[in-house]
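Work through the exercises below with the sequence and the 3D structure at hand. Each task is followed by its solution.

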Amino acid sequence: MKLIFKKRFCPSFGRYNIYDETEELVFTGARHLSWGYCFKIFDTGGNCLGTVKEKMFLIVPLQEFEVYKNGSFVGCIRRESAFFKRRYDIDFNDWSAEGNALGKEYEVYLNGTFVARLSKKLFKWTDTYEIEVVRNEDALDALLLAAAIYERVSGK
């Protein structure tokens, strides 16, 4: 399954539409005011499916994000230090993500098996990310990971 994670063109506070490969709207996403970074993903009916929230220590952001699905805490996404690569561990499903030095392309693995690919598309009018997942049931987790990596860690 391929998803296109696309920022809305009109001035907005970090609002996104998420389309499938047939260009049908399947999810929406939005940044929310919070102490630290907070991004929520909604179904087309407006129900919140998942949230990525940055963990803070006093006023200093940590490289760790709490993940909630349907309002319940499920785990964390942690940035690992690596030389010339960017690496993340996702503890609620044992995934690991490794990106190139520029942080534009990531591959996600579960025990060495390919799960998903995240990539930032260049030369677009708005921020656009492409997410390819092997199994459809992993789509929400991949979207939450993309929100943590691209929207917060990349300095947006």
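The exercises cover secondary structure, burial and surface, and the cysteines.

This is a predicted model, in which local features need pLDDT of at least 70, side-chain atom pairs count only at pLDDT 80 or more, and totals for chains, interfaces and linings use all residues. Residues are numbered from 1 along each chain as its sequence is written, and side-chain values use heavy atoms, with hydrogens and water left out.

**Exercise 1.** State how many helices and strands the protein has, and give their order.

Step 1. Take helices (H or I, at least four residues) and strands (E, at least two) as DSSP runs, numbered from the N terminus.
Step 2. The count is twelve strands and one helix.
Step 3. Along the sequence the order reads β-β-β-β-β-β-β-β-β-β-β-β-α.

**Exercise 2.** Describe the burial, the surface and the contacts of the protein.

Step 1. Of the 156 residues, 42% are buried (under 20% relative accessible area; exposed is over 50%, partly exposed in between; 1.4 Å probe, protein chains only).
Step 2. About 8600 Å² is exposed, with 53% of it supplied by carbon and sulfur atoms (Shrake-Rupley method, 1.4 Å probe; for residues, only the protein chains shown count as cover).
Step 3. Of the contacts (heavy atoms within 4.5 Å) between residues at least 6 apart in sequence, 28% join residues at least 24 apart.

**Exercise 3.** Explain why Cys38 and Cys48 are not bonded to each other.

Step 1. A disulfide is a pair of cysteine sulfur atoms within 2.5 Å.
Step 2. The closest cysteine sulfur to that of Cys38 is in Cys48, 8.3 Å away, so the two are too far apart for a bond.
Step 3. Searching the whole structure gives zero disulfides.
Step 4. As for accessibility, Cys38 is buried at a relative accessible area of 7%, while Cys48 is partly exposed at 32%.
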